[in-house]
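Biologist: Could you take me through one part of this model up close, slowly enough for a first-year student? I'd like to see how a single spot fits in with what surrounds it.

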Amino acid sequence: MVRSTVRFVRKKMGVSDWFAPVLLFAILGVIVLGPALRYGFVFLLDMPWPQKFQLSDFTAARSAHIPIRFFLTLANKVIPAWVIQKIVLVGILTLAGFSMYRLHRHFKVPRSRRYAAGIVYACNPFVLERLAGGQWLLLLGYAMLPFFVSRLVLFARNPNRKNTI
């Protein structure tokens, strides 16, 4: 069996390990979205956003969206819908940057390169085009992709029940 020269190290993350990167990528998300974070809704091509989420909006035609819309409906009981929209957009950019930062953390890459990888992953032409197009569900999947790759590499290195996805 051929072994890879890159060693995949699994370490537990403490609060000090994730707080600074999450804060940095959240600030990056606020900078990127800039003017879109003003009062009111952001109207993008494929991002219809209701003024108020209601449980009666759930139909069989949109069954794939039901878990997300249910969460948004519950959040809308406390927070206005336009604020939720801003949180979702900044959260997607934050999650994208942090997930790539965390993926590179496993490969013993220096911290500056991990930050650079997260910044490039979160702010590139593909992401900015999808943001302009309002394709936030696609970007949510894109943001979670490094977490999946991380688990997949762990399973490839040590195929046991604990490392299954």
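Modeller: Sure! A quick definition to start: a helix here is a DSSP run of at least four residues, and helices are numbered from the N terminus. Keep in mind that this is a predicted model.

Let's zoom in on Asn124. You'll find Asn124 in the loop that links helix H4 (111-122) to helix H5 (125-133). Is Asn124 buried or exposed? Buried means under 20% relative accessible area, and Asn124 has 15%, so it counts as buried. Its side chain also has a partner: the side chain of Asn124 reaches the backbone oxygen of Tyr121 at 3.0 Å.

Now compare another loop, the one between H3 and H4, where Lys108 sits. Exposed means over 50%, so Lys108, with a relative accessible area of 61%, is exposed. Lys108 has a little quirk too: its phi is positive, about 55°, even though it isn't a glycine.

Next, the helices around these loops. The largest nonpolar core has 26 residues, and Phe25, Leu33, Val88, Val127, Leu131, Trp136 and Leu139 have the most contacts inside it. Helix H1 (15-33), helix H2 (66-76), helix H3 (81-105), H4, H5 and helix H6 (136-157) each chip in at least two residues. H3 gives the largest share of this core, with 11 residues. For a close-up, pick Leu33: leaving out residues up to four places away in sequence, Leu33 touches Leu89, Val90, Leu93 and Leu131. As a general rule, nonpolar side chains in soluble globular proteins tend to be buried together.

Definitions and conventions:
Residues numbered from 1 in each chain as written. Predicted model: local features only at pLDDT ≥ 70, side-chain atom pairs only at ≥ 80, totals over all residues. Heavy atoms only, no water. Buried < 20%, exposed > 50% of the residue type's maximum accessible area, 1.4 Å probe, protein only. Polar contact = N/O pair within 3.5 Å; in protein donor to acceptor, adjacent residues only side chain to side chain. Core = buried A, V, L, I, M, F, W, Y, C linked by side-chain atoms within 4.5 Å. Contact = heavy atoms within 4.5 Å.
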